[in-house]
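This briefing goes through one model by topic. Keep the sequence and the structure open while reading.

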There are 2 protein chains.
Amino acid sequence: MAEQKKMVEAITSMEEDFAQWYTDVVKKAEMIDYSSVKGCMVFRPYGYAIWENIQKDLDARFKATGHENVYMPMLIPESLLQKEKDHVEGFAPEVAWVTQGGQEKLSERLCIRPTSEVLFCEHYAKVINSYRDLPKLYNQWCSVMRWEKTTRPFLRNSEFLWQEGHTMHETAEEAQAETMRMLNVYADFYKESLAIPVVKGQKTEKEKFAGAVATYTIEPMMHNGVALQGGTSHYFGDGFAKSFGITFTGRDNTLRYPHQTSWGVSTRMIGAIIMVHGDDSGLILPPKIAPVQVAIVPVAQHKAGVLEKAREVADSLKDAFRIKLDDSDNSPGWKFSQYEMKGVPLRLEIGPRDIEQGQCVLVRRDNREKTVVKLEALSAEIEKALQAVHDGLYEKALKNLEEKTFTARNYDEFLDIAENHPGFIKAMWCGDAACEDKLKDATGGVKSRCIPFEEEQLADTCVCCGKPAKHMVYWGKQY
Amino acid sequence: MAEQKKMVEAITSMEEDFAQWYTDVVKKAEMIDYSSVKGCMVFRPYGYAIWENIQKDLDARFKATGHENVYMPMLIPESLLQKEKDHVEGFAPEVAWVTQGGQEKLSERLCIRPTSEVLFCEHYAKVINSYRDLPKLYNQWCSVMRWEKTTRPFLRNSEFLWQEGHTMHETAEEAQAETMRMLNVYADFYKESLAIPVVKGQKTEKEKFAGAVATYTIEPMMHNGVALQGGTSHYFGDGFAKSFGITFTGRDNTLRYPHQTSWGVSTRMIGAIIMVHGDDSGLILPPKIAPVQVAIVPVAQHKAGVLEKAREVADSLKDAFRIKLDDSDNSPGWKFSQYEMKGVPLRLEIGPRDIEQGQCVLVRRDNREKTVVKLEALSAEIEKALQAVHDGLYEKALKNLEEKTFTARNYDEFLDIAENHPGFIKAMWCGDAACEDKLKDATGGVKSRCIPFEEEQLADTCVCCGKPAKHMVYWGKQY
């Protein structure tokens with residue numbers, strides 16, 4: 001059991017040092033390796049397999065809502081990036097610049113895309129001519145680059161993987177509906193596939209995307225009370241279309257500008273999964289996106305018939321579930337620890353006595369509940385158990401979100417909560433960015449997360465300046 | 001029919017100008033758009049969907065042979081690229097260099113990956129310690145960048161999409177077997193999914209990959225007699241392992257170097273599909289990777305019941321096939337031309353008289369053969385027809401390859417064929433690179449394609465210098 005002890009000892013506990021716990025899990029679960037370029041990570045097979053499952057699930061949702069995938073170039077000429085004023089101000093400070101291609105010094109710098117609005121606009125200007133060409137519902141899976149000063153695996157990589165949807169519509173109403181539709185696709189995905197509840201709402205002017213008219217967001221709550229931007233959907237109006245000269249002949253035969261949206265989620269979601277569901281034994285993965293759903297660990301596998309039976313069971317399950325049979329010569333205890341570290345939702349133990357009795361043992365990763373299951377009912381029981389893990393994870397995450405949501409009715413309460421109770425703070429706000437700045441400075445970083453779609457009238461005045469309140473806002477520190 | 005005429009007129013014929021025909025098809029079939037960075041293309045939905053189908057098919061073949069996907073950073077520090085001498089000489093002249101990140105001028109240049117051997121090696125040095133860690137069978141789907149002077153959609157992009165497998169093995173034999181296994185996976189994929197026959201063989205020393213011990217290749221033949229490198233698989237021995245200090249403790253407890261392979265295919269395959277199968281009406285897609293396998297065109301769709309029936313037929317087929325029902329108000333003739341241009345393997349026509357008789361008409365894209373099919377037998381007939389299109393395409397491509405393969409027994413024959421008969425030239429070779437140079441110069445670009453696995457003894461002496469021949473070589477001009 002020395003190995004098992006070593007493995008468990010190797011993780012810092014969440015209570016002791018959450019940041020170190022996070023880093024330990026990411027490394028011990030073999031998700032990430034560092035490269036020699038700061039902020040550019042190696043996605044190892046286990047980390048990348050989670051991303052592949054996320055992609056597959058989301059891609060089906062995008063296609064079901066009529067979207068098509070494309071691939072845009074990774075390089076953007078400086079002059080193209082500069083075409084939309086607010087956008088370039090937001091992104092130019094954090095891009096990587098290519099200045100030399102082969103033997104030739106470039107006459108114009110090219111940046112590695114930090115996001116692709118301008119590339120889509122350049123293309124749309126060529127292919128949109130008539131209302132018959134609309135809507136354009138495009139999506140792209142790719143990597144993007146933002147030159148970050150402080151980096152952390154999944155949460156803040158300089159290079160990260162994501163999808164970016166970019167759509168064009170005949171009317172403002174249609175574009176607004178698309179913005180909201182895709183926000184809901186994200187929220188549903190978080191709930192149904194990641195077992196993570198979110199707060200849905202609109203970003204304040206100060207926090208919205210560079211160049212957008214409005215930005216909507218989903219905000220999950222981490223185990224330690226820190227928030228994270230889980231995904232965003234932007235409505236652009238016709239601002240970019242005007243800057244890029246994208247026009248179409250309308251049904252009334254006049255020349256019009258189309259209305260635009262963009263929306264994205266990234267590998268940062270994997271950070272959210274770790275920090276929402278994980279515990280002191282490591283990762284806990286929601287079954288829908290777990291690379292291995294059931295780890296089969298033979299017990300006393302040197303005894304006659306054990307491995308054969310374990311293989312037979314694995315074979316009978318492998319079309320319905322993602323199965324890993326571990327027949328290596330490591331000890332069962334070591335294997336238990338390893339699959340706990342890797343967050344495999346279910347462990348299946350099978351030994352000589354089980355085989356005699358035509359049964360095996362299922363162990364849930366989330367609450368360690370053990371069930372003895374007859375082999376003839378195994379497939380149905382696994383199905384149920386995976387659903388139970390999903391539901392259990394969601395309930396626990398919802399409880400955490402609710403318990404870590406506080407209400408501040410005045411400035412002192414706000415500061416007290418910010419200091420002593422990490423989580424969301426619900427509080428009224430006048431609508432002035434100056435109050436956002438003041439609250440952030442006074443609390444060491446609490447920012448507006450969103451104006452939720454479901455507002456409550458907690459008070460009549462702004463928690464910061466005392467002027468009449470316009471909105472209820474969720475506030476919080478963020479990753 | 002004016003529109004239809006316009007559409008057909010818009011393509012140059014293959015005989016008249018093959019290069020222009022190719023460009024016309026790529027644009028008219030809406031596969032590619034140009035961006036403002038030379039050689040960096042927009043993969044439009046139709047072009048990208050072909051790539052998605054290719055990915056899905058190949059990825060399943062890679063996973064079935066035990067490979068796992070990872071994602072490596074896109075940036076390589078100059079010092080890392082320089083660790084393997086031959087490799088850097090091959091690639092350094094054609095990479096794009098990042099010299100500035102955010103506000104900061106970088107102390108070391110970073111190149112955008114032209115290929116990822118050095119990144120995999122840097123990672124492998126950290127995660128390979130024991131023979132128990134081997135083999136490592138990793139693959140990556142990503143985009144890479146090579147700063148090309150002359151570019152052409154799919155065939156020579158500066159940025160292109162590809163997969164690159166990178167594996168590490170305990171012994172040289174195991175690595176050599178992997179090299180060959182993956183070459184065969186590629187050849188099978190070309191035959192089974194792209195309906196393209198290939199010549200398999202080994203590259204000469206002069207033509208092998210920078211840093212490899214041996215490079216193997218598959219070589220399809222285009223319709224116009226020009227060859228193309230269809231995919232390569234490299235055996236590296238332990239050269240990179242030594243440069244990067246990758247060692248493992250062997251079964252005998254001594255420190256050893258692992259043996260390495262890499263293998264890749266790219267979006268260039270789409271160029272091969274176009275040039276092997278296409279005709280003067282546009283693209284012809286092999287059914288296995290066609291984004292739309294059956295285009296349903298209602299005839300006289302304004303008549304009562306036609307659209308309803310067409311939709312019913314589409315619904316009944318959509319789980320088994322990739323179906324596009326075109327109920328737009330364009331004329332049937334226009335639609336026929338459009339789906340021919342896009343290379344949809346089967347067209348299904350259904351009009352009032354067909355409906356009365358419980359039938360429809362199937363038209364094959366490859367040979368325009370029409371069959372009247374009873375609706376109750378439709379699904380089975382489509383299955384058969386798609387297989388027939390696949391087989392027909394393969395047979396035609398094989399005939400083209402065979403007819404465009406010539407044998408040269410002496411220098412004059414070689415020059416005559418090179419001048420008058422575009423295609424492969426089979427000829428004997430002494431093994432000296434000087435003869436490769438001489439033949440290339442004398443013919444305006446005919447290079448050695450490969451030493452085929454199945455050699456014939458055409459003569460005893462080198463076709464160029466007359467010294468004793470070591471090998472039979474396939475020669476040809478290439479894209």
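Contact here means heavy atoms within 4.5 Å. All of the interface residues of chain A, 100%, are also interface residues in chain B, so the two copies meet through the same surface. This is a predicted model, in which local features need pLDDT of at least 70 and side-chain atom pairs count only at pLDDT 80 or more, while totals for chains, interfaces and linings use all residues. Residues are numbered from 1 along each chain as its sequence is written, chains are lettered from A and ligands numbered from 1 in the order in which they are written, and side-chain values use heavy atoms, with hydrogens and water left out.

**Symmetry of the two chains**

- A turn of 180° with a shift of 0.0 Å along the axis lays chain A on chain B with an RMSD of 0.0 Å. That is the relation of a two-fold axis.
- The superposition is by least squares on the C-alpha atoms of residues with pLDDT of at least 70 in both copies.
- Val98(A) is the residue of chain A that comes closest to the rotation axis, with its C-alpha at 2.1 Å.

**Overall build of chain A**

- Chain A contains 15 helices and 23 strands. Helices (H or I, at least four residues) and strands (E, at least two) are DSSP runs, numbered from the N terminus.
- For 479 residues, a compact globule would have a radius of gyration near 23 Å, and the 25 Å of chain A agrees with that. The radius is taken over C-alpha atoms, and the globule rule is 2.2 Å times the number of residues to the power 0.38.
- Along the principal axes, the C-alpha atoms of chain A fill a box of roughly 80 × 55 × 50 Å.
- Of the 479 residues of chain A, 61% count as buried. Buried means under 20% relative accessible area, exposed means over 50%, and partly exposed is in between (1.4 Å probe, protein chains only).
- Among contacts in chain A between residues at least 6 apart in sequence, 69% join residues at least 24 apart.
- The accessible surface of chain A is about 18900 Å², and carbon and sulfur atoms account for 47% of it. Accessible areas come from the Shrake-Rupley method with a 1.4 Å probe, and for residues only the protein chains shown count as cover.
- Chain A carries 60 positive and 70 negative side chains, and the centres of the two sets lie 2 Å apart. Lys and Arg count as positive and Asp and Glu as negative, whereas His and the chain ends are not counted. A charge is placed at NZ of Lys, CZ of Arg, CG of Asp or CD of Glu.

**Backbone geometry**

- Most residues other than glycine have a negative phi, and most peptide bonds are trans.
- Leu134(A) and Pro135(A) are joined by a cis peptide bond with omega about -5°. Pro135(A) sits in the loop between α6 (117–127) and β7 (136–145) of chain A.
- In chain B, the peptide bond from Leu134(B) to Pro135(B) is cis, with omega near -5°.
- Glu30(A) is not a glycine but has a positive phi of about 60°. Glu30(A) lies in the loop between α2 (18–28) and β1 (32–34) of chain A, and its 31% relative accessibility makes it partly exposed.
- Arg368(A), also not a glycine, has a positive phi of about 60°. Its place is the loop between β18 (359–364) and β19 (370–374) of chain A, and at 37% relative accessibility Arg368(A) is partly exposed.

**A covered helix in chain B**

- Helix α9 (residues 268–277) of chain B has 10 of its 10 residues buried. Among them are Arg268(B), Met269(B), Ile270(B) and His277(B).
- These buried residues pack against α2 (18–28), α3 (45–64), α7 (172–192), β14 (259–266) and α13 (378–403) of chain B.

**Two buried residues**

- Glu159(B) is in strand β8 (residues 159–169) of chain B and is buried at 3% relative accessibility. Leaving out residues up to four places away in sequence, Glu159(B) touches Tyr71(A), Pro73(A) and Met74(A), together with Gly39(B), Cys40(B), Ser143(B), Val144(B) and Met145(B).
- The C-alpha atoms of Glu159(B) and Gln478(B) are 20 Å apart, with their positions 319 residues apart along the chain.
- Phe62(A) belongs to helix α3 (residues 45–64) of chain A and is buried, with a relative accessible area of 1%. Beyond residues up to four places away in sequence, the residues that Phe62(A) touches include Trp141(A), Met182(A), Tyr186(A) and Trp263(A).
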